[in-house]
Amino acid sequence: SSLLSQGAKTASLNLGQKRAIRICQPSVGWTLLQPRPSFATPAWCREVSIEASEMRKGDIVEYKGKRCVVMKTAPNITNRKAFVIVDMREIVTGLKYNANLRAAEKLERLFVESAQLKYMYTEGKKAFLQDDQTFEQYEVHVDLFGNFIHYLEEGQEVSVVMSDGEPVMVDIPTRVVCKVEESMGGTRQTTATPQYTSATLANGRKIQVPVFVNAGDSIVINLENETYIERAS
């Protein structure tokens with residue numbers, strides 16, 4: 001009743017499985033990517049059913065009882081029936097799913113909020129983060145970070161997405177700056193084709209860089225495929 005007094009509206013939604021859930025729509029206007037309101041949010045306000053055709057990359061959904069992040073969706077027509085091929089990754093274990101769902105099939109989409117956590121260290125396939133305000137620590141799968149995990153430094157602050165008090169996604173930058181520890185170097189020649197050589201970065205990663213890049217230089221790296229972009233200014 002306290003929630004309703006703040007202007008929240010409830011509705012019943014038939015899921016086609018002879019059950020209904022209530023959808024929370026507080027008048028304060030919080031959305032999937034906004035922080036939850038300060039008042040206590042009942043569990044039934046933290047998720048809403050959506051059809052497979054409505055799912056988008058980055059959505060957090062419940063699939064086979066597991067919380068998963070949607071990585072990719074693609075429409076598929078089979079025997080004149082509409083389906084959606086959905087690539088998902090389980091948040092806790094990193095297990096990947098490739099599901100062929102009916103376009104009208106419903107899954108639960110979870111509400112999330114943003115937070116700033118400090119990266120502590122990596123052990124095996126697990127990365128450990130800490131909330132500096134509460135000192136609470138979180139254990140997450142390294143797959144959440146992608147290539148970013150190789151460029152994180154101890155104590156670095158990262159932006160994460162939380163669901164039910166657990167990190168479920170990491171805001172990954174598109175590029176990072178890293179120092180070149182060692183470069184094979186080479187004699188620069190006048191050719192139409194760019195010349196590259198192997199270089200070892202300060203974090204131990206090896207990438208291809210132009211021959212004019214020397215040890216001690218700082219360079220900008222594309223995190224998606226760990227490739228050289230330019231010298232850092």
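In this predicted model, a convenient place to begin is Cys 178, which stands opposite Ile 219 in strand E17. The strands around this position are E14, spanning residues 175–183, and E17, spanning residues 218–222, and five bridges pair them in the antiparallel sense. E14 is also joined to strand E15 (residues 196–201), again in antiparallel fashion, through three bridges. Here Ser 183 has Ala 199 of E15 as its bridge partner. Strand E14 thus has pairings with E17 and with E15 to its name.

Another part of the model offers an open sheet of five strands, arranged in the order E11-E10-E9-E12-E13 with antiparallel pairing. Its edges are formed by strand E11 (137–141) and strand E13 (166–170), each of which pairs on one side only. On average, and with direction ignored, neighbouring strands of this sheet are turned by 50° against each other. As a general reminder, the strands of a sheet are paired through hydrogen bonds of the backbone, in either a parallel or an antiparallel manner.

Within this sheet, the pairing of E9 with strand E12 (residues 157–163) can be followed in some detail: six bridges link the two strands in the antiparallel sense. One residue to look for is Ser 114, whose bridge partner in E12 is Val 161.

Strand E9 covers residues 113–123 and also holds Met 120. Is this methionine, Met 120, buried or partly exposed? With a relative accessible area of 23%, Met 120 counts as partly exposed, because the buried class is reserved for values under 20%. Leaving aside residues up to four places away in sequence, Met 120 touches Phe 128, Leu 129, Gln 130, Gln 137 and Glu 154. Among these neighbours, Glu 154 lies 34 residues from Met 120 along the chain, yet the C-alpha atoms of the two residues are separated by 5.2 Å. Gln 137, another residue touched by Met 120, falls in the range of edge strand E11 (137–141).

A last stop is strand E8, made up of residues 106–110, where Glu 108 is found. Glu 108 has a relative accessibility of 11% and is therefore classed as buried, the cut-off being under 20%. What joins the side chains of Glu 108 and Ser 49? The two side chains are joined by a polar contact of 2.9 Å. For a reader turning the structure by hand, Glu 108 in E8 and Met 120 in E9 make a handy pair to view in turn, the former buried and the latter partly exposed.

Methods: Residues numbered from 1 in each chain as written. Predicted model: local features only at pLDDT ≥ 70, side-chain atom pairs only at ≥ 80, totals over all residues. Heavy atoms only, no water. Helix = DSSP H or I, 4+ residues; strand = E, 2+ residues; numbered from the N terminus. Buried < 20%, exposed > 50% of the residue type's maximum accessible area, 1.4 Å probe, protein only. Contact = heavy atoms within 4.5 Å. Polar contact = N/O pair within 3.5 Å; in protein donor to acceptor, adjacent residues only side chain to side chain. Pairing = 2+ DSSP bridges. Axes fitted to C-alpha atoms, helices over the stretch in contact; angles between N-to-C directions.
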